[in-house]
Amino acid sequence: MPGREVLPSTLRRSPEKAQDTWAKTHDSAVETYGEGQRSHRTAFAALKHSFEKVGDHWEPKGRKGPSDAQAAGGGPARRAPTAGGVDANAPKEHLLDVAKRLNVRGRSRMTKAELVGAIQKANARSTGESRVREKGRNRR
């Protein structure tokens, strides 16, 4: 199935460039691996090199490159937890700014690792709320 038809909701709320990156990588991965989770993971891995998840959508990163330890090491033989779209390699000041935009409480006292975790939770909450709103609109 073409990437545009299975575009995740977080990407539908994101810039066209993010959508193009994910869809093109997904389509290429489907040709190589077939439809399924591996193609989706491959598309998200490519997306995370240029974009980071902020709330319920993806935004361009200030610099290109891996977003976390899993992306830096990568490969199917090494499975490690990812930062869920949070640019864990960004400077703490950037993470503080993202946390502020997401209204994360207690952010000024958090370590960098704690900020990454708090942003992940805020992103998940925001994405969930957006999906509920979309469902409500689709029922009308």
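**Exercise 1. The aromatic cluster**

Task: Determine whether W58 is buried or exposed, and establish which rings W58 is linked with in a cluster.

Solution.
Step 1. W58 has a relative accessible area of 3% and is therefore buried, since the cut-off for that class is under 20%. The model examined here is a predicted one.

Step 2. The count of aromatic pairs comes to two. One of them joins W22 and F44 in an edge-to-face arrangement, with 5.8 Å from centre to centre and 65° between the planes. Because W22 belongs to helix 2 (residues 16–33) and F44 to helix 3, this pair ties together parts that are 22 residues apart in sequence.

Step 3. The accessibilities of these two residues are 0% for W22, which counts as buried, and 22% for F44, which counts as partly exposed.

Step 4. F44 also pairs with W58: the ring centres are 6.0 Å apart and the planes stand at 35°, so this pair is tilted. With F44 in helix 3 and W58 in strand 2, the pair ties together parts that are 14 residues apart in sequence.

Step 5. Ring pairs thus link W22, F44 and W58 into a cluster.

**Exercise 2. The hairpin**

Task: Describe how strand 1 and strand 2 pair, and state which way the residues of strand 1 point.

Solution.
Step 1. Strand 1 and strand 2 (residues 57–60) are antiparallel and share four bridges. Opposite V54 stands H57 of strand 2.

Step 2. The two strands form a hairpin with two residues between them, and G55 in the turn has a positive phi of about 70°.

Step 3. In a regular strand, side chains alternate between the two faces of the sheet. In strand 1 (residues 51–54), F51 and K53 point one way, while E52 and V54 point the other way; all are buried.

**Exercise 3. Helix 5 and the cores**

Task: Identify which residues of helix 5 are buried, and name the elements that give two or more residues to the largest nonpolar core.

Solution.
Step 1. Helix 5 (residues 92–101) has L95, V98 and A99 buried. These residues cover an arc of only 100° around the axis, which places them on the same side of helix 5.

Step 2. The exposed residues E93 and K100 are carried on the face turned away from the buried side of helix 5. Just after this helix, N103 takes a positive phi of about 60°.

Step 3. The largest nonpolar core holds 15 residues, and V86, L95, L102, V104, V116 and I119 have the most contacts inside it. Helix 5 and helix 6 (112–139) are the elements that give two or more residues to this core. Helix 6 supplies the largest share, five residues.

Step 4. Apart from this core lies another, of eight residues, including L7, A43, L47 and F51.

Step 5. Leaving aside residues up to four places away in sequence, L102 touches V54, G55, I119, A122 and N123.

**Exercise 4. The surroundings of H49**

Task: Locate H49 in the chain and list the residues that H49 touches, not counting those up to four places away in sequence.

Solution.
Step 1. H49 is placed in the loop between helix 3 (37–47) and strand 1. With 30% relative accessibility, H49 counts as partly exposed.

Step 2. Not counting residues up to four places away in sequence, H49 touches K61, R63, K64, G65 and P66.

Step 3. The C-alpha atoms of H49 and N89 are separated by 11 Å, although these residues are 40 residues apart along the chain.

Technical notes:
Residues numbered from 1 in each chain as written. Predicted model: local features only at pLDDT ≥ 70, side-chain atom pairs only at ≥ 80, totals over all residues. Heavy atoms only, no water. Buried < 20%, exposed > 50% of the residue type's maximum accessible area, 1.4 Å probe, protein only. Pairing = 2+ DSSP bridges. Arc of directions from axis to C-beta. Core = buried A, V, L, I, M, F, W, Y, C linked by side-chain atoms within 4.5 Å. Contact = heavy atoms within 4.5 Å. Phe/Tyr/Trp six-rings, centres within 6.5 Å; stacked < 30°, edge-to-face > 60°.
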